[in-house]
Amino acid sequence: QVRLVESGGGLVQAGGSLTLSCVASGHTFGDEPMGWFRQAPGKEREFVGSISWFGTLYADSVKGRFTISRDHAKNMVFLQMSSLKPEDTARYFCAAKSSGGITITDDDYWGQGTQVTVSS
């Protein structure tokens with residue numbers, strides 16, 4: 001059974017930095033697509049960024065501030081967040097492809113999320 005577990009969330013002041021981690025078990029993802037999404041209260045879940053054999057992709061709202069990386073040996077993916085803004089406050093979810101393709105959907109693997117709160 002594939003499991004994704006996020007960690008690293010917390011409370012940070014605007015302008016600060018935070019790094020989220022996601023460890024996968026039950027499957028070795030290698031260069032298969034993995035990504036980060038977020039959902040703020042009252043809003044729909046939105047794409048943050050992803051990493052795959054294709055490279056990295058980022059939402060315009062985080063480009064230049066967030067960086068996704070992975071550790072193949074540990075089967076982990078990371079989200080380094082800097083210059084955080086109050087509007088970055090959300091629950092952040094790690095996700096991974098369960099089959100072919102590059103776009104992560106609701107049918108793929110998802111973690112339970114970790115809360116990030118940015119105070120002004």
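## Aromatic pairs

Across the whole structure, a search turns up three aromatic pairs. One of them brings together Phe29 and Tyr109 in an edge-to-face arrangement, with 6.1 Å from centre to centre and 75° between the planes. This pair links distant parts of the chain: Phe29 belongs to the loop between β3 (18–25) and β4 (34–39), while Tyr109 is in strand β10 (residues 109–110), and the two are 80 residues apart. Please keep in mind as you read on that this is a predicted model.

How do the two partners compare in exposure? Phe29 has a relative accessible area of 1%, so this residue counts as buried. Tyr109 has a relative accessibility of 28% and is therefore partly exposed.

Next comes the pair of Phe37 and Trp110, which is tilted, with 4.8 Å between centres and 55° between planes. Here too, distant parts of the chain are linked, with Phe37 in strand β4 and Trp110 in strand β10, 73 residues apart. Phe37 is buried, because its relative accessibility is 9%.

## An aromatic cluster and an arginine

Phe37 and Trp110 also belong to one aromatic cluster, together with Phe47. Have a look at Arg45 while you are in this area. Its charged end sits over the ring of Phe37, 6.0 Å from the ring centre. Arg45 also lies over the face of Trp110, at 3.8 Å from the centre of that ring.

## Two nonpolar cores

The largest nonpolar core is made of 28 residues, and Met34, Trp36, Leu79, Met81 and Tyr92 have the most contacts inside it. Which elements give two or more residues to this core? They are β3, β4, β5 (46–52), β7 (66–71), β8 (76–81), β9 (90–96) and β11 (114–119).

Met81 is a good residue to zoom in on. Setting aside neighbours within four places in sequence, Met81 is in contact with Gly16, Ser17, Leu18, Leu20, Arg65, Phe66, Tyr92 and Val116. There is also a second, separate core of five residues, which includes Phe37, Phe93, Ala95 and Ile104. Phe37 thus appears both in this core and in the aromatic cluster with Phe47 and Trp110.

## The four-stranded sheet

An open sheet is formed by four strands in the order β1-β3-β8-β7, with antiparallel pairing. At its edges are β1 (3–7) and β7, each of which pairs on one side only. From one strand to the next, the twist averages 15°.

## A look at β8

How is β8 joined to β3 and β7? Six bridges connect β3 to β8, and these strands run antiparallel. Another antiparallel pairing, again with six bridges, joins β7 to β8. On the β3 side, Cys22 has Val77 of β8 as its bridge partner. On the β7 side, Thr67 is the bridge partner of Gln80, and Ile68 stands opposite Leu79.

Is β8 mostly covered or mostly open? The strand is mostly covered, with five of its six residues buried. Leu79 and Met81 are among the residues with the most contacts inside the largest core. As general background, side chains in a regular strand alternate between the two faces of the sheet.

The turn leading into this strand deserves a glance too. The hairpin of β7 and β8 has four residues between its strands, and Asn75 takes a positive phi near 55° there.

Note on methods. Residues are numbered from 1 along each chain as its sequence is written. This is a predicted model: local features need pLDDT of at least 70, side-chain atom pairs count only at pLDDT 80 or more; totals for chains, interfaces and linings use all residues. Side-chain values use heavy atoms; hydrogens and water are left out. Rings of Phe, Tyr and Trp (its six-membered ring) pair if their centres lie within 6.5 Å; planes under 30 degrees apart count as stacked, over 60 as edge-to-face and the rest as tilted. Buried means under 20% relative accessible area, exposed over 50%, partly exposed in between (1.4 Å probe, protein chains only). A charge sits over a ring if NZ of Lys or CZ of Arg is within 6 Å of the ring centre and within 35 degrees of the ring normal. A nonpolar core is a set of buried Ala, Val, Leu, Ile, Met, Phe, Trp, Tyr and Cys residues joined through side-chain atoms within 4.5 Å. Contact means heavy atoms within 4.5 Å. Two strands pair if DSSP finds at least two bridges between them. Axes are lines fitted to C-alpha atoms, for helices over the stretch in contact, and angles run from 0 to 180 degrees between N-to-C directions.
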